Structures are given as C-alpha cells and as structure tokens.
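Please open the structure in a viewer and keep the selection tool at hand. The tour below proceeds from one selection to the next and states what is found at each stop.

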Amino acid sequence: MLSSYDYTNELSGENKNGLVYVIDDDADVRESIKWLLESTNYRVEDYESGETFIAQFNENVPSVILCDLRMPGISGSDVQDHLLRRRIDAPFIFITGHGDVPQAVQAFKKGAMDFIQKPFQQPQLQKLAKELFQRRQTLAQNRTLIEKLTPREQQVLERIVNGRLNKQIADDLGISIKTVEAHRASIMDKTGSGTVADLMRVVVKS
C-alpha cells in the first residue's frame, strides 16, 4: 500500500509540505481551504463530491484528507467507510457544522484523526495539517525499519509484541533460546530500539 512510496520526494520536493485532498460540496469552503493551505506550501486537490474524489483518489501518494461530513450523494462518512474497506490509512479529518458534532464523534471512533468545525481559522487548519504530516512521516519511517527485518525476525517480533518470553518464542518456532536472543538483538538494532518499550512504540506507530 503506502509503505513502498518514497515520502521524501512528496514531502520535501519543490518546497511542498504534502498533498491535501479537500472534499466539500460548497465551492467557497473548498476555495478558502485551498488558499489557506497553498499559502503555506501544501499541494491541494479539491473535489465537489465524494463520488468524484473516490474515482480519482490515488492511494499510492501520501496525503491528508479533509472531507465535509454532510454532502449530497455519498456523505463524508460513506467516503470514510469506502477507504476503510480498501484498507487505506491516509489521515482523515472531517469538516463539520455545529449540528454535525455527534456524527463526527462517531466517525472519530472509526478512525478519523480529528474534526474541525466551520467556520475555522487559518492557524487551526495549518497546525492540524502540520501535525498530521509529521505523523505520516513517522509512520513511513517506522514501516521502513520493520521492513528491514527478515521473515524469521518478524515472526519473533510478533511474539515479543504479544508478550511471549524467549523460551515460549523458542518453543513456538522450534528454535533454540540462543537463536531467539540473537534475533531479538538484531530486531532491537535494526529498529533503533533501546528497550522493549521503544520497540513497542515503533510497532504501534507503523
């Protein structure tokens, strides 16, 4: 999915901070958001409906999605459900009116990163976009670290994360405890983890 993409080019090339998709049936809202973000070097693509966005969305480009919750046709919640079914993990932020907050909370429980209420201010939107792109960079970096592991090391890692002891891992995989210890040391080295807590943070944020 996204883990094989070169994030460096997207996030730093041509002085751009990243790509933001804006989906809202209100042209004035789209234009306002686009102006705010492009003024601080974000690349913006805007769509007037969930249908047009879904038809043209490129899942191989790292992005943040700003989507109106209530739209004619496919709603923002429907767009979110569509991406979830496709197992796409792009950070998703809902744009809501005051009356939509309960729905936005439900969307948040399904994995939306945040929601912002109309009318919103320029600093609020810029701060949120910056935080989410930093999070995406961390995700990409941690995935790269985990991809360095051999298939056997990934098997050991899975068991470490599940709280298995070295002896139990050895029994699970039919290898010696010394071999488990060697794999564990290699995993810690490749992921730059000094402690199991550090390792867990890499796994959780990947």
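A salt bridge is taken here as a side-chain nitrogen of Lys or Arg within 4 Å of a carboxyl oxygen of Asp or Glu. By this rule, the count comes to eight salt bridges. The model on display is a predicted one.

**Stop 1: Asp46 and Lys34**

Select Asp46 together with Lys34. Their side chains meet in a salt bridge, with an N to O distance of 3.5 Å. This pair links distant parts of the chain, since Asp46 belongs to strand β2 and Lys34 to helix α2 (residues 27–38), 12 residues apart. Asp46 is partly exposed, at a relative accessible area of 28%, and Lys34 is likewise classed as partly exposed, at 22%. Now add Arg30 to the selection: Arg30, Lys34 and Asp46 are linked in a network of salt bridges.

**Stop 2: Glu45 and Arg43**

Next, select Glu45 and Arg43, whose side chains meet in a salt bridge of 3.5 Å, N to O. Glu45 is partly exposed, with a relative accessible area of 26%. For Arg43 the relative accessible area is 32%, and this residue too is partly exposed.

**Stop 3: Asp172 and Arg159**

Move on to Asp172 and Arg159. What joins the side chains of Asp172 and Arg159? They meet in a salt bridge, at 3.4 Å from N to O. Here again the pair links distant parts of the chain: Asp172 is in helix α8 (residues 166–173) and Arg159 in helix α7 (residues 151–161), 13 residues apart. Asp172 is partly exposed, its relative accessible area being 36%.

**Stop 4: the negative patch**

Select Asp25, Asp26, Asp28, Glu31, Glu38 and Glu48, which form a negative surface patch. Then restrict the view to Glu48, which is placed in the loop between β2 (42–47) and α3 (50–56). Is Glu48 buried or exposed? Glu48 has a relative accessible area of 52%. Glu48 therefore counts as exposed, the cut-off for that class being over 50%.

**Stop 5: the nonpolar core**

Turn to the interior and select Phe53 and Ile65. These are the residues with the most contacts inside the largest nonpolar core, which has 19 residues. At least two residues of this core are supplied by each of β1 (18–23), α3, β3 (63–68), α4 (76–85) and β4 (92–96). Which element gives the largest share of this core? That element is β1, with three residues.

**Stop 6: Arg87**

Select Arg87, located in the loop between α4 and β4. Although Arg87 is not a glycine, its phi is positive, at about 60°. Arg87 is also exposed, with a relative accessible area of 67%.

**Stop 7: Phe115 and Cys67**

For the last stop, select Phe115, a residue of strand β5 (residues 114–117). The relative accessibility of Phe115 is 22%. Because buried means under 20% relative accessible area, Phe115 falls outside that class and counts as partly exposed. Add Cys67 and display the C-alpha atoms of both residues: Phe115 and Cys67 are 48 residues apart along the chain, and their C-alpha atoms are separated by 9.2 Å.

Methods
Residues are numbered from 1 along each chain as its sequence is written. This is a predicted model: local features need pLDDT of at least 70, side-chain atom pairs count only at pLDDT 80 or more; totals for chains, interfaces and linings use all residues. Side-chain values use heavy atoms; hydrogens and water are left out. Patches are made of residues with over 30% relative accessible area and no salt bridge: like charges are joined within 9 Å, nonpolar side chains (Val, Leu, Ile, Met, Phe, Trp, Tyr) within 5 Å. Accessible areas come from the Shrake-Rupley method with a 1.4 Å probe; for residues, only the protein chains shown count as cover. Lys and Arg count as positive and Asp and Glu as negative; His and the chain ends are not counted. The place of a charge is taken as NZ of Lys, CZ of Arg, CG of Asp or CD of Glu. Helices (H or I, at least four residues) and strands (E, at least two) are DSSP runs, numbered from the N terminus. Buried means under 20% relative accessible area, exposed over 50%, partly exposed in between (1.4 Å probe, protein chains only). A nonpolar core is a set of buried Ala, Val, Leu, Ile, Met, Phe, Trp, Tyr and Cys residues joined through side-chain atoms within 4.5 Å.
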